[in-house]
Amino acid sequence: MAEYNEDAYKLARKAYIEHSCPFERALLSRCVSCERSRRLNLAEREAIACADAVVREHCLAFYQALHENAQFALKINPMEARPHPNLPPQAGEGANVTPKPINAPWPFGKEIRAQCGGVRGLAEAMGAAGDEATDIAATVLQGRAHFGDHAEFPYSEIMRAVVHYEPRKRRS
């Protein structure tokens, strides 16, 4: 059996998906929905694309603001030092430590909590039910109409939903 070529997959994904969805993980985990999303199958994987480039920009701005605000709530420090996996431990303070890049991906569980909890929290802040039927794009657009720019969203309320969101457990 041939090895899987991750680089080839990334190139095919980039060529095939014009507008990626910032909330792809939330949609794939089915904790929320989106009428503007398109499901695609690439190399035996499921991917999500956005069918509306204008709305995607609003979703992306909310996604970035969610990550900025959720760092404290989810106990993520973008500049924390972590042991470098390829270096043997040495004596001295910080000898085996490299800074974590700012754009490093978050651990899956924290990413899901930020995405699912964030969208549901925004819906709840506007008095709607935050559940699997919550439409991401519609919620973000309603939030902009209700609160103004994404910077004006009630992130203290949204962060409560992020912290309390529990991803579904794996099936045995």
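A cavity is a set of grid points where a 1.4 Å probe fits but cannot get out, and its lining residues have an atom within 4 Å of a point. The model described here is predicted.

## The cavity

A search of the whole structure finds one cavity of 30 Å³ or more. The volume of this largest cavity is about 50 Å³. Its lining consists of Cys21, Pro22, Cys34, Arg36, Cys50, Val55, Arg56, Cys59, Ile136 and Ala137. Helices α3 and α5 each supply at least two of the lining residues. The largest share comes from α3, with three residues.

## Cysteines

Two lining residues deserve a further look: Cys34 and Cys59. Cys34 is buried, because its relative accessibility is 14% and buried means under 20%. Cys59 is buried as well, with a relative accessibility of 6%. Cys34 is in no disulfide; its nearest cysteine sulfur belongs to Cys59, 6.0 Å away. Cys59 is likewise in no disulfide, and the nearest cysteine sulfur to it is that of Cys34. The distance of 6.0 Å rules out a disulfide between them, because that bond is assigned to sulfur atoms within 2.5 Å.

Elsewhere, the whole structure holds one disulfide. Cys31 is joined to Cys116, with an S to S distance of 1.8 Å. The link is left-handed, with -80° about the S-S bond. It ties together distant parts of the chain: Cys31 sits in the loop between α2 and β1, Cys116 in helix α4, and 85 residues separate them. Both Cys31 and Cys116 are buried.

## Nonpolar cores

The largest nonpolar core has 32 residues. Phe23, Phe62, Ile136 and Ile158 have the most contacts inside it. Five helices each supply at least two of its residues: α2 (24–28), α3 (53–73), α4 (108–125), α5 (136–147) and α6 (155–164). Helix α3 gives the largest share, seven residues. Thus α3 leads here, as it does in the lining of the largest cavity. Ile136 also belongs to that lining.

Ile158 shows how one of these core residues is surrounded. Leaving aside residues up to four places away in sequence, Ile158 touches Phe62, Leu66, Gly117, Gly118, Gly121, Leu122 and Phe153. Apart from this core lies another, of six residues, among them Ile17, Leu40, Leu42 and Ala47.

## Thr134

Which loop holds Thr134? Thr134 lies in the loop between α4 and α5. Thr134 is buried, because its relative accessible area is 5% and the limit is under 20%. Its side chain has polar partners in the backbone, listed here.

| Backbone oxygen | Side chain with the polar atom | Distance |
|---|---|---|
| Ala129 | Thr134 | 3.2 Å |
| Asp131 | Thr134 | 2.9 Å |

Not counting residues up to four places away in sequence, Thr134 touches Val32, Ser33, Val119, Ala123, Ala129 and Thr139. Ala129 therefore appears twice, as a contact and as the owner of a backbone oxygen 3.2 Å from the Thr134 side chain, around a residue that is buried at 5% relative accessible area.

How values were computed: Residues are numbered from 1 along each chain as its sequence is written. This is a predicted model: local features need pLDDT of at least 70, side-chain atom pairs count only at pLDDT 80 or more; totals for chains, interfaces and linings use all residues. Side-chain values use heavy atoms; hydrogens and water are left out. A nonpolar core is a set of buried Ala, Val, Leu, Ile, Met, Phe, Trp, Tyr and Cys residues joined through side-chain atoms within 4.5 Å. Buried means under 20% relative accessible area, exposed over 50%, partly exposed in between (1.4 Å probe, protein chains only). Helices (H or I, at least four residues) and strands (E, at least two) are DSSP runs, numbered from the N terminus. Contact means heavy atoms within 4.5 Å. A polar contact is a pair of N or O atoms within 3.5 Å; within protein, one must be able to donate a hydrogen and the other to accept it, and residues adjacent in sequence count only if both atoms are side-chain atoms. On a 1 Å grid over the protein atoms alone, a cavity is a set of points where a 1.4 Å probe fits but cannot get out, and a pocket is an open set with protein on both sides within 12 Å along at least five of seven lines; lining residues have an atom within 4 Å of a point. Grid points are joined across faces, edges and corners, and a volume is the space filled by probe spheres set on the points.
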